[in-house]
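The following paragraphs lead the reader through a model of two protein chains. Please keep the sequence and the structure in view while reading.

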Amino acid sequence: MNEDRRPSALPILISVLLALVLSKVMLPDPLALLRPAMVPMIVFYWLLMVPDKFGLTMAALLGLVVDVLTGTLLGAHAFALTVSGYLVARMALIVRFWPAWQQSLALLPIWGLYAFLMFWIDGVTHRNADALLRFAPVLTTAVAWPVLCSVMSWARPPAEDT
Amino acid sequence: MDGRFGVDDLHQDSIRPLFPRGPSLGLKAVLLALLSVGLMFADDRTDTLNPVRSFIAVAAVPVQWMSSLPNQASEVASHFASRESLLAQNSDLREQQLHLQARLQKLDGLAAENARIRALLLSSKRLHEQVLIGEIVSSSMDPYRHYVTLNKGGMEGVYKGQPLIDAHGVMGQVVEVTPMNSTAILVTDPNHGIPVEVNRTGLQTVAHGAGDSRGLALPFLPSNADVQVGDLLVSSGLGGRYPAGYPVGVVYDVQHQPGEHFLDVSARPAARLNQGRELLLVWKDGAPPVTNVAEQLDQRREAGLPSFATSDLQ
C-alpha cells in the first residue's frame, strides 16, 4: 500500500512543464509584471513535498532550462534556484506540515532572496533589468502559493486508505 | 495537506535525508551554486556554452510551442470579434453606397448637360460668332404655334430677329424682347419661313414650318427639281437674318401629286427642338453679349470634341 502512495515522476514532470509554459505565456504588460514566479514555486513545492525525488540537482537543471527559455545568462536562474532551494530544503521538515498560508509567509523571505539574487546577477553582468520587474512578483508569488497548494492537492489527492 | 498524509510522507521520504547516501544537502548546494556561477562566468565571457544553450533550446521547443497556444487562441477569438465589426462595417458601407449611387445619378444628369453645353459651344466655334447660352423657360403647347420663352432678354443684348441655334442646327428666331425674357418662334411654326439651300445641289428655296407632324415643308419646288430623300438643307443666309451654311433640316419625303406644279417635300428639322433646354443666341456682327462664358469655355476646350456632323442629322 505504501508503494502506491509514493508519488511517481509523472506528476512532477507534468507540473514542471506546466510551470515552464505558464512562465512563458504572453501576457499584457501590466499583468506580466504581476506574474507569479511559476517555476520557483513549483520547484519549492516539490522540494518541500518530496525531497528525495526532487532535489537541488533537479532545481539547478530546471534553472538552466529557464535560463535558455528567458534568454538570461546561462546559470543565473540555476544559481538562484540552488541557493534559495537549499534554504527551502533545510526548512522543509518543519514547514511542510504548516497550513498553506503560513507556508506562504514563511517562504516570503525566500522569494525576496530569489528576486534579489536575480536582480544582483543582472547588476553584476551589466544587464540592467527593471527592478520592479524583478521584485513585483515576490508578493504575487506569496499570494499564489496557497492557490498552488490547493490545486496540487486536488490534482494529486492523497490515496484513500483507512 | 492533512496530517495523515504528512505523517505517511514522513515515513517514506523525509527520513531518508537523515541518512543520506550521497553528499549532504549543504555540500550539494555549494557544489551546484559554484557550478552555476562557473556557467554564468563562462557564458558571460566566452561563447563556449552556445552549443549547450542551443541543445537545451531544442529540447524546450515543445514548451515554447505550448506557451504560444493561448496567443493563437486569442487570435482566433479576435478573428471572430473582427467578423462582427466587419458585418457592421459592411452594412454601413452598403448604406453609404446607396447614398452615393443616388448622388451619382444626379452627376450623370449633370454630365449629360455638360456634354450638351459643350456641343453648343463647339457649334459656336464653327460659326466664329458671338454667342450666348440661353435656356428655354417655357414653350407653347399648341401643336401649330411653336413659340418658346427664353431666360435672356434685352438686358443681355438680345434683339428682335436674333437667330437661335442649338448643337445640331437652326432653331428659330427671336420675335419679342423684354428686358429679362424674350420669345422666339421656332422653324417648325407654320408662320415661319427660312431661306435654305439643298446642300447637295445648291438649289435655293424656302423652308416653311409645318407643325409638329411634318416638321418643315418646301412648298415652292418645281416638279422637276433635283431633291431626294436624305438631302441636307442648310441656311442660305439670303434673308439676311440667319447665318449661312447652318443645318436646317433633312429631307425625308418627296412626293409629286400628278397635275400639281410643285413637289410636296417634307424635311425633319436638324435642331432638336423638343430635346434639351439650352440653346445659343447668335450675334452676327460682334454686338457683344454681356457675359462671355462661351468664349472662355471654348478656349479651354480648344482641342476638343468632334463638331456636330451630318451623321447627327440622319
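**A guided reading of the two chains**

Of the 314 residues of chain B, 27% count as buried. The model is predicted, and for the complex the predictor gives an ipTM of 0.77 and a pTM of 0.47. Chain B contains 7 helices and 12 strands. Chain A has 8 helices and 0 strands. Read from the N terminus on, the elements of chain A therefore follow the order α-α-α-α-α-α-α-α, where helices are runs of at least four residues assigned by DSSP. Chain A has 162 residues, and buried residues make up 43% of them.

How far apart in sequence are the residues that touch one another? In chain A, among contacts between residues at least 6 apart in sequence, 64% join residues at least 24 apart. In chain B, residues 24 or more positions apart account for 59% of the contacts with a separation of 6 or more.

The confidence of the prediction should be considered next. The average pLDDT of chain B is 78, and 81% of the residues score at least 70. Within chain B, confidence is lowest in helix H1 (residues 3–14), with a mean of 47, and highest in strand S8, with 93. Over residues 1–11 of chain B the pLDDT stays under 50, and the model has 10 contacts beyond four places in sequence for this stretch. Residues 286–291 of chain B also have a pLDDT below 50; this stretch has 11 contacts in the model beyond near neighbours in sequence.

The strands of chain B may now be followed, beginning with strand S4 (residues 170–177). Is S4 of chain B enclosed or open? Of its 8 residues, 6 are buried, so S4(B) is largely enclosed by the rest of the structure. On the one hand, S4(B) pairs with strand S3 (residues 163–165) of chain B in the antiparallel sense, over 3 bridges. In this pairing, B:Pro163 has B:Gln173 of S4(B) as its bridge partner. S3(B) and S4(B) form a hairpin, with 4 residues between them. On the other hand, S4(B) pairs with strand S5 (residues 182–186) of chain B, again in the antiparallel sense, over 5 bridges. Here the bridge partner of B:Val174 is B:Ala184 in S5(B). S4(B) and S5(B) form a hairpin too, with 4 residues between them.

Further along chain B, the strands form a closed barrel. This barrel has 6 strands, which run S6-S7-S8-S11-S10-S9 with antiparallel pairing. From one strand to the next, the twist averages 40 degrees. One pairing may serve as an illustration: strand S7 (residues 204–209) and strand S8 (residues 216–218) of chain B run antiparallel and are joined by 2 bridges. Within this pair, B:His208 stands opposite B:Ala217 of S8(B).

The interior of the structure deserves separate attention. In soluble globular proteins, nonpolar side chains tend to be buried together. The largest nonpolar core in this model has 56 residues; of these, A:Val39, A:Ile42, A:Val43 and A:Leu47 touch the most other members. Which helices supply at least two residues each to this core? They are H2, H4 (38–49), H5, H6, H7 and H8 of chain A, together with helix H2 (25–45) of chain B. H4(A) gives the most, with 11 residues. To see one member in its surroundings, consider A:Val39: leaving aside residues up to four places away in sequence, A:Val39 touches A:Ala19, A:Leu20, A:Ser23, A:Leu62 and A:Val66. Apart from this core lies another, of 46 residues, including B:Leu216, B:Leu233, B:Tyr246 and B:Val282.

Finally, the two chains meet. How many residues does each chain bring to the contact? Chain A brings 39 residues and chain B brings 33 residues. On the side of chain A that touches chain B, at least two residues each come from helix H1 (2–5), helix H2 (9–24), helix H5 (56–70), helix H6 (76–95), helix H7 (100–124) and helix H8 (131–155). H6(A) gives the most to this side, with 9 residues. By type, the residues on this side of chain A divide into 27 nonpolar, 6 polar and 6 charged.

How values were computed: Residues are numbered from 1 along each chain as its sequence is written. Chains are lettered from A and ligands numbered from 1 in the order in which they are written. This is a predicted model: local features need pLDDT of at least 70, side-chain atom pairs count only at pLDDT 80 or more; totals for chains, interfaces and linings use all residues. Two strands pair if DSSP finds at least two bridges between them. Axes are lines fitted to C-alpha atoms, for helices over the stretch in contact, and angles run from 0 to 180 degrees between N-to-C directions. Two residues are in contact if their C-beta atoms, placed from the backbone, lie within 7 Å. Ala, Val, Leu, Ile, Met, Phe, Trp, Tyr, Cys and Pro count as nonpolar, Asp, Glu, Lys and Arg as charged, and the others, Gly among them, as polar. A residue is buried if 20 or more other C-beta atoms lie within 10 Å of its own, exposed if 12 or fewer, and partly exposed in between; C-beta atoms are placed from the backbone. pLDDT is the predictor's confidence in each residue, from 0 to 100. A nonpolar core is a set of buried Ala, Val, Leu, Ile, Met, Phe, Trp, Tyr and Cys residues joined through C-beta atoms within 7 Å.
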